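Visitor: Could you take me through one part of this model up close? I'd like a good look at a single strand and what sits around it.

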Amino acid sequence: MAKNWYVDVILPLPLPQFYTYSIPNSMADRISAGMRVIVSFGKKKLYAALIYRIHQQAPEKYQTKEILQLIDDEPIVNASQLKFWEWIANYYMCTVGEVMKAALPSALKMESDTYVGKTDIEDINPTDNEQVILHLLSSKKKLTIQDIVSKVDFKNPMGVIKSLLNKQALSITEEIENEYQPKVEQYISLSPEFRNNDALSQLLDSMKRAPAQQRLILGLLSMAENQSEMLNTRISKKDIAEKIDVSTGVLATLIQKGILIQEEQTVSRLTDNTDETYNPATLNQAQELAYKQIQEQFNTHNVVLLHGVTSSGKTEIYIHLIQNAINQGKQVLYLLPEIALTAQIINRLRKIFGNRVGIYHSKFNDSQRVETYNGVLATSTNPTKFDIILGVRSSAFLPYQNLGLIIVDEEHENTYKQYNPAPRYNARDAAIVLASIHNAKVLLGTATPAVESYFNARMGKYGLIELTERYRGIELPEIVIVDVADARKRKQMKSHFSDKLLTEIETALNRNEQIILFQNRRGFAPFIECAECGWVPHCEHCDVTLTYHKSSNQLVCHYCGYSYQQPTQCLACGSTNMQTKGFGTEKVEDELKIFFPDAVIERVDLDSTRSRTAYERIISDFESRKINILIGTQMITKGLDFDNVSLVGILNADNMLNFPDFRAFERSYQLMSQVSGRAGRKGKRGRVIIQTSQPKHPIIQQITATDYLELYASQLEERKKFHYPPFYRLISISLKHKDRELLNQVAEFMAKGLRHNMGENVLGPEPPLIGRVQGLYIMNILVKIGREQPIARIKELITYYATNLKQRKELYALTVSIDVDPQ
């Protein structure tokens, strides 16, 4: 008797194991690893699961269910991806299901909805609330439970639905739908019988009494791109409606008569580049030398760090490396730390590589992301459309077949790290593993390397190339330090601006030059305070003050979104003397408009750029010099290139320097160096004004001298002494629960158990800076692991404690989050 065949599947759920299903005979010859199938999991729920492997070993502990439906004709996930997913899950201590959820576009992850419908049973004597739900379902055949809850205005609708189910007046079904549908457009063309000159002439002659029909035919022919193909041209119905002045009725009549043919055609949602492409620019002597050195280093190292000062022309070197890779038939992944950066870079890449470049990030809708995913995926019916992918961290999960090069631009950026939800991966480090799976090379590029990356390069693990000249010999900007404590004493401050900064802004505006101002805090003011009693509004759900946003007159929690209108009087003493404290980008914009009423001022932060087009518009307007002053958070510090910026102002260096984190000095140096690099990028030397009350601070001095090596040496010495990376690895464990006392007990128990095995390298438990978020109290434990210690054994120990805690009945609501290599 022949053995049955089974599949192990990955479900998009945080499950610690694969689940096995049996293959129906009808699917046996069509199924393979990497395809999606619909399966039932739990009592009724349906999911699109991914086949991990096919085998003939039936599970011993449970009876298998059959696969319900095969979704794909060919695999959508390849073997290299599955290998990468397993590494992510193992290294970052999460499940493969959580990796799957992060890796696939939402539209490819299907989950059933629970639908409620009426039965034929009517004699049930319904209550008033039951009657409301039955009436809702009379007009609709079925509704999801969420739909019903949102449409009724009485309490406990779930209880009413349950009552109706008990009376058998309602039935429940689970239905799953494919969220991705290809975009279809209607195209119009001449019927074949009129696709010759004689027949067409006769047709037009016969339309002399129908001028609208004649105008439509002539208009259709005139829209042909190629005159030789005029008779065979196909034009979209949408274009005809926009460009030919006839009614839709005229078009319908010609289709009905058989003179025109209407056909459906699948079209892309992605924007095509129709502009002419150009060869890459010629590299200058320093760039050419760096390019050759990178190629040489790739012979002996899989990873090379390009340490090039700001405006040294690193992007042009990247373009030549990309050209070289695709000439060899390889794919290239170009990683960026922020969606914001893709707007400028994509224009440069498409001028050279045209439609071979695909973009992948979260500002695209689900269907656009699926089309990019499919554009990278190579199948027997769908050759790879994109040789080059430009994207943020999630683009590491695309289905590359022949990856040859990964470029990680601004490799030091902490936005490469995913925080929540799991997997909490670092895209820079994951890219190195992804490259090793594909036998590809990795180039890390930055003006301010992460201490760990520079350490690896200095120790010989990575290749190292230094690019110390700015492009075309442009000088590094002059850095001016303004002591704001002294300026206040001398009455040389106007609000948050020193007289020096305001004078320099005015000078730059008079020369028609542009200015960038950096303040790493959004909103109008971090908090408001009663001048009489000192009362400050706090979030109801988090241990944090509410940020004041003037544009909406709202106090907003930046952690959970809780908000309410700004109170007109103190809720503690009734005083109306409420004052704003501190300042954010919104306040900077507001006050600058008073100082410089004729200047065009824009702001770049999370509030002003929530849509993809909003950011692109602001950057485009600044590039074309329609904006005089650009104010922003760290979104403006990274890799943007503006040739008319002569002045950069850093309004408050102290809030970065004083942050309680072992990376605070490194990050301060990186942020201030990067934003300084925006000044004087083409044509003349720029100027940077840094406002601080600590002008003698070592980091301020190192930035003034552009002395990265001094920063690196001091940080390395400190980290070796106190057991931090690159000498020790870190794992952060975060425990959350609504009961503070219970949480403290549990955290202490876990820390004590880990300390018993690892000694003094376990720190905590301690509450973080914000000790309660979204109603949950938080306690953190930090584990330091020496390079010689068995990290796999320590991970097993942490997993053991986390799993056992969550299995205790009284701790069912406990959340344990594990973050490997926290940033």
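Guide: Let's go straight to strand S15, residues 388–391, which is covered on both faces. Ile 388 and Leu 390 are buried on one side, and Ile 389 and Gly 391 are buried on the other; buried here means under 20% relative accessible area, exposed means over 50%, and partly exposed is in between (1.4 Å probe, protein chains only). As for the labels, helices (H or I, at least four residues) and strands (E, at least two) are DSSP runs, numbered from the N terminus. Keep in mind that this is a predicted model, where local features need pLDDT of at least 70, side-chain atom pairs count only at pLDDT 80 or more, and totals for chains, interfaces and linings use all residues. Residues are numbered from 1 along each chain as its sequence is written, and side-chain values use heavy atoms, with hydrogens and water left out.

Now for the partners of S15. Two strands pair if DSSP finds at least two bridges between them. Strand S13, residues 331–335, runs parallel to S15 and pairs with it over four bridges. Look at Val 332 and you'll find it opposite Ile 388 of S15. Strand S14, residues 357–360, is also parallel to S15, joined by four bridges. There, Ile 359 has Leu 390 of S15 as its bridge partner. So what you've got in Ile 388 and Leu 390 is two residues that are buried on one side of S15, with Val 332 opposite Ile 388 and Ile 359 bridged to Leu 390.
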